[in-house]
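I opened this entry to record what I looked up, element by element. The notes follow the order in which I consulted the structure.

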Amino acid sequence: MAKFEIKMPKLGESITEGTIMSWTVKVGDTVNENDTLFEVNTAKVSAEIPSPVSGKVLEILFNVGDTVSIGIVVAIIDIGGDESGESQPAPKVPETTNNQPAGNSIETPAPQNQIQSQVSKTDSDKWYSPVVLQKAREAGISNEELDHISGTGFAGRISKKDIEIYIAQKQEKTSQPVVAKEKEVATPVQTQKQEETVSQIPVSGDDVIIEMDVVRRTIADRMVQSKKTSAHVTTIIEVDVTKLVHWREQHKDEFKKREGISLTFMPAITEAASKALIDFPRVNASVDGHRIIEKKHINIGIAVSLDDGNLIVPVIKDVDNLNLNGIALSIEALAKKARQNKLTLNDIQGGTFSITNYGSFKNIIATPIINQPEVAVLGVGYIQKKPSVIETSDGDVIGIRHKIYLSLSFDHRIIDGALGGMFLKRIADYLENWNQ
């Protein structure tokens, strides 16, 4: 029989692993091409993985809850043919180097004895995932030592987090004498490498150490990368949104009855940003070396705060082709999918500009970080009532107005202060003169 290996697929840039949430097949089942095999959850999306072939499920190598690196075999399907026929190539293990960003890893074939240990039990009759085995080998941990580590995964198995914590604790116990001994002969380069691997943060007995989950690690890495990539500048403007506030007050009940969702200020702000991007296409762009790529489509990402404290930015495609109702329904649908962990890869890709609404927490001003590879992000503050000077035909008077601060962080590599300021002022003009 001929065997076909089902590998953990790559579900987006910078994604290096996925967690199996459910299997829709079991060993012995017959599947057709494009039948769903399993559901996987990554740092950004959930996705149903279809079978690329038709055949019979011979083996399922991972259980629900297991986290698997991209490229690792998760199941084997018998696709028929001669028993003497060659099987598909051995699985490849992704390997990330310091010179290559995560998500664009180079795959190298794993040795045959390594593959055998990945798809079967060890000599001690305990089963370990390929990720755990790989990390154990890199840290010089034997199978015998591995057998004595307590696991928190499915059926007591050792998870990736378990092995990482164990390795960190082991290194912490042995690092002090090693560092002291090497200091006498270490070259400047060696000392620098030591400092990169040994934590410099003092930890007391009362401190709580919390390992970042996959989403938080991804956010942390992307934020640092963005600050290193773009020359961030932030400009701020105060906007009189009294007309918009009154308009919403008049239409929110009717809108709720008609559309079934609440009318917030975000659709209006998103529409204003879309119009301004049409007026200033340089802001709807990306940078590739010394090339400026102005995007044809206006795809606006709306930051959504999740219940676990993390953040994700689903994208509304071709916002300039939507009316206010369409924008409102799109924002509501994507936010709901994000909080239910049902976003697809298409929902989070292709953004050309982003908006983050920290005003929902009654914050008034912030300096947001650009979502790469975009070149600008709009921050929306809290709307406040303020005494304000109003110019009338009879002279200046003081009245109560609804005011909001908008902040624009932009990439100074291609957007100068004048362009950034004009773009933000154009958004303000659309909101101050709101008329639907």
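**Entry 1. The open sheet.** I began with a single pair of residues: E39 has E48 in β5 as its bridge partner. I noted that the model is a predicted one. The strand that pairs with β5 here is β4 (residues 36–41), and I found five bridges between the two, in the antiparallel sense. I then asked in what order the strands of this open sheet are arranged. The order is β5-β4-β2-β7, four strands with antiparallel pairing. At the edges I found β5 (46–50) and β7 (67–69); each has a single partner strand, so one side of each lacks a neighbour in the sheet. From one strand to the next, the twist averages 40°. As background to these entries, I recall that strands of a sheet pair through backbone hydrogen bonds, in either a parallel or an antiparallel manner.

**Entry 2. The chain as a whole.** I turned to the overall counts. The protein has eleven helices and 21 strands. Of its 436 residues, 39% count as buried. I also looked up the contacts between residues at least 6 apart in sequence: 61% of them join residues at least 24 apart.

**Entry 3. Strand β8.** I next examined β8, which covers residues 73–80. Is this strand mostly covered or mostly uncovered? Six of its eight residues are buried, and I recorded the strand as mostly covered. I then traced its pairing. Strand β1 (residues 2–7) runs antiparallel to β8 and is joined to β8 by six bridges. Within that pairing, I77 of β8 stands opposite F4. Strand β6 (residues 55–60) also runs antiparallel to β8, with four bridges. There I noted I60, whose bridge partner in β8 is A75.

**Entry 4. A hairpin.** I looked at strands β12 (residues 285–288) and β13 (residues 291–294), which are antiparallel and share four bridges. Opposite V287 I found I292 in β13. How many residues lie between the two strands of this hairpin? There are two, and G289 in the turn has a positive phi of about 65°.

**Entry 5. Helices α8 and α11.** I moved to the helices. The axes of α8 (residues 266–279) and α11 (residues 417–432) come within 9 Å and cross at roughly 135°. The two helices are therefore oblique to each other. I recorded this crossing as right-handed. On the side of α8 the contact is made by A268, I269, A272, A273, K275, A276, L277 and D279, and on the side of α11 by F423, R426, I427, Y430 and L431. By class I noted ten nonpolar residues, no polar ones and three charged ones in the contact of α8 with α11.

**Entry 6. Helices α8 and α9.** I then followed α8 to another helix, α9 (residues 324–339). Their axes come within 9 Å and cross at roughly 115°. The crossing of α8 and α9 is right-handed. From α8, the contact draws on M266, P267, A268, T270 and E271; from α9, on L324, I327, A328 and I331. I recorded seven nonpolar, one polar and one charged residue in the contact of α8 with α9.

**Entry 7. Helices α7 and α9.** I also looked up α7 (residues 242–259) against α9. Their axes come within 13 Å and cross at roughly 65°. That makes α7 roughly perpendicular to α9. This crossing, too, I entered as right-handed. W247, F255, R258 and E259 of α7 meet L324, N325, A328 and L329 of α9. The contact of α7 with α9 has five nonpolar, one polar and two charged residues.

**Entry 8. Residue I302.** Last, I chose one residue in strand β14 (residues 300–302), namely I302. Why does I302 count as buried? Its relative accessibility is 9%, and the cut-off for buried is under 20%. Leaving aside neighbours within four places in sequence, I listed the contacts of I302 as M266, T270, I312, V313, P314, I316, I331 and I355. I also noted the separation from V377, which lies 75 residues from I302 along the chain: the C-alpha atoms of the two are 10.0 Å apart.

Terms used
Residues are numbered from 1 along each chain as its sequence is written. This is a predicted model: local features need pLDDT of at least 70, side-chain atom pairs count only at pLDDT 80 or more; totals for chains, interfaces and linings use all residues. Side-chain values use heavy atoms; hydrogens and water are left out. Buried means under 20% relative accessible area, exposed over 50%, partly exposed in between (1.4 Å probe, protein chains only). Two strands pair if DSSP finds at least two bridges between them. Axes are lines fitted to C-alpha atoms, for helices over the stretch in contact, and angles run from 0 to 180 degrees between N-to-C directions. Angles under 35 degrees count as roughly parallel, over 145 as roughly antiparallel, 65 to 115 as roughly perpendicular and the rest as oblique. A crossing is left-handed if the near helix is turned anticlockwise from the far one by less than a right angle, and right-handed if clockwise. Contact means heavy atoms within 4.5 Å. Ala, Val, Leu, Ile, Met, Phe, Trp, Tyr, Cys and Pro count as nonpolar, Asp, Glu, Lys and Arg as charged, and the others, Gly among them, as polar.
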